[in-house]
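Subject: Structure handover and what turned up in it

Hi,

Here is the structure I promised to pass on to you. My notes follow below it, and I hope they help you find your way around.

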Amino acid sequence: MLPGIGVFGTGNVVKVIVPFLREKGFKVEALWGRTLNSAEEVAKELDIPFYTNKIDDVLLRKDVDLIFIICSPNLHAQIAVKALGIGKHVLCDKPAGLCQGEALKMVRASQYYPSLISIINHSLRFLPAFGQMRKAIADGYLGQEDEITVCDVRVQMGSLLHDTYDWLCDDTMGGGVLTLVGSHVIDLMSHLTSQRAVRVHGVIRTFTKTTERVNGIRHISSPDFCTFQMEMSGGALVTATLNNHLPGSFSQEVLICGQAGHLMVRGGDLYGRKLNSNKEDVIYLDVEDLQRGGAINSTAANVIPRPYMKGLFKMIGALREAFLPVEDKRGWVKEPVALAATFEDGLYVQAVIDALKKSNANKEWVKVNVITEEPDPDPLLSAAVRRSAISM
């Protein structure tokens, strides 16, 4: 039995995901949009029976057991925590909220309801090339795991902005290349190397402050370029460059070097070369990319870059495998989705992003600090209250 799905969001990604979900046998029962008009428009286009602009109307439906959160990041934590409290499984888009405080609320909710699926859409984990890369690292292609030396990531792509002003233009609302692409890179590096970032240094810039459609009193604050370095817990050094200034194109290269050789993923293909070898080994070729008329059509590729979309489709396939063997709609098997990023991974990614923003502001290396308690909203007031209590 596959669970009914409630989708939060009305963006282009939703228009690609919903047909794919149906193709996999899922029923999309309800859709939430920020306004009733946008929800109605997308629901009619995708033939979804119920639409609303009220969050609870989707969460409280009895025919909805799995929630897809694909809306602006300022709502991620609120919807995820509520959904888990009501007893719904959750797949949340990256990032996990706007700050560590929000991500921690999501972690607490997932720990309180461990029988529910709670995963973050870091879809590169499911891309076959990175699965093969992780396996090669574990099998000793680069030497011992603690012998990984340098990881280099380069992502070149077009603008992430829409024609009109929305949350993507605003840094404080979760827009920008660091949160939307950098979060994938940060998660992928810890997934592949089994190491976590200890200290980071970042340069984050917004070069495009206005466009033809977004100008006047509106200004873009979300970054369109960033480069950062991460010192990892096992001694590896990660360097990443993310660039939004190549309109109409996308290229992604992930290089991991070790004492015994190197591995590189270009697009969806994996190559490797041993230290003493004269030629590059082709370890995995993404043949599905060469097939015409596959699930990833040109429309999908225009919405999200191919590796991310393909990974997301693989993740949805894994969700299907998790639910299919169990007769109860709420029951599931852990193995197929064991690869997926948990809310704890989302909290770690958010901690690294916070540290990178601090590093950029202070122009210095910053230690990554993953919080375990919610930050005090007003430390000065709390200190004053404590002092007055002591004096009494």
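A quick definition before the details: two strands count as paired if DSSP finds at least two bridges between them. By that rule, β11 and strand β12 (residues 261–266) are an antiparallel pair, with 6 bridges. Please keep in mind that this is a predicted model.

**The nine-stranded sheet**

The β11/β12 pair is a hairpin with 2 residues between its strands, and within the pair V254 sits opposite V265 in β12. Both strands belong to an open, mixed sheet of 9 strands, ordered β14-β13-β12-β11-β7-β10-β9-β8-β16. At its edges are β14 (281–284) and β16 (366–367), each of which pairs on one side only.

Moving along that order from β11, the next pairing is with β7: the two strands are antiparallel and joined by 9 bridges. Here Q156 is opposite S251 in β11.

On the other side of the sheet order, β9 and β10 are antiparallel with 7 bridges, and β8 and β9 are antiparallel with 8 bridges. T227 is a handy landmark in this region, as T227 stands opposite T241 in β10, while V203 stands opposite T227 in β9. The hairpin of β9 and β10 has 4 residues between the strands, and G235 in this hairpin has a positive phi near 100 degrees.

The last pairing in this direction is between strand β8 (residues 197–205) and β16, antiparallel over 2 bridges. V200 faces V366 of β16 there.

One helix packs across much of this sheet. Helix α7 (residues 177–193) lies across β7 (148–157), β8, β9 (225–232), β10 (237–243) and β11 (250–258), and runs at about 25 degrees to β9.

**The seven-stranded sheet**

There is also an open sheet of 7 strands, again with mixed pairing, in the order β3-β2-β1-β4-β5-β6-β15. β3 (50–52) and β15 (341–342) are at its edges with a single partner strand each, so one side of each has no neighbour in the sheet.

Strand β1 (residues 4–8) and strand β2 (residues 27–32) are parallel, paired over 5 bridges, and G6 has A30 as its bridge partner in β2. Helix α9 (residues 306–323) packs on this sheet, where α9 touches β4 (66–69), β5 (89–93) and β6 (118–121), with its direction at about 165 degrees to that of β6. Helix α2 (residues 36–46) lies across β2 and β3, at about 160 degrees to β3.

**A helix pair**

Which way do α5 and α10 run relative to each other? The axes of helix α5 (residues 100–112) and α10 come within 9 Å and cross at roughly 170 degrees. Angles over 145 degrees count as roughly antiparallel, and α5 and α10 are therefore roughly antiparallel to each other.

On the α5 side, the residues in contact are Q100, A103, L104, M106, V107, S110 and Q111, and they meet F343, E344, L347, Q350, A351 and D354 in α10. By class, this contact has 7 nonpolar, 4 polar and 2 charged residues.

**The cavity**

You may like this part. How many cavities of 30 Å³ or more are there? The count comes to 1, and the space in the largest cavity is about 30 Å³.

Its lining is made up of P95, A96, H122, S183, G346, V349, Q350 and I353. Helix α10 (residues 343–362) gives the largest share of that lining, with 4 residues. By class, the lining has 4 nonpolar residues, 4 polar ones and no charged ones. Two of these names link to other parts of this email: Q350 also takes part in the contact of α10 with α5, and P95 comes up again just below.

**Backbone spots to look at**

K94 and P95 are joined by a cis peptide bond, with omega about -10 degrees. P95 is in the loop between β5 and α5.

Two residues that are not glycines have a positive phi. S194, at about 60 degrees, is in the loop between α7 and β8. K363, at about 55 degrees, is in the loop between α10 and β16.

Happy to talk any of this through.

Best wishes

Definitions and conventions. Residues numbered from 1 in each chain as written. Predicted model: local features only at pLDDT ≥ 70, side-chain atom pairs only at ≥ 80, totals over all residues. Heavy atoms only, no water. Contact = heavy atoms within 4.5 Å. Axes fitted to C-alpha atoms, helices over the stretch in contact; angles between N-to-C directions. 1 Å grid on protein atoms, 1.4 Å probe; cavity = no way out; pocket = protein on both sides within 12 Å on 5 of 7 lines; lining within 4 Å. Points joined across faces, edges and corners; volume = space filled by probe spheres on them. Nonpolar A, V, L, I, M, F, W, Y, C, P; charged D, E, K, R; others polar. Parallel < 35°, antiparallel > 145°, perpendicular 65-115°, else oblique.
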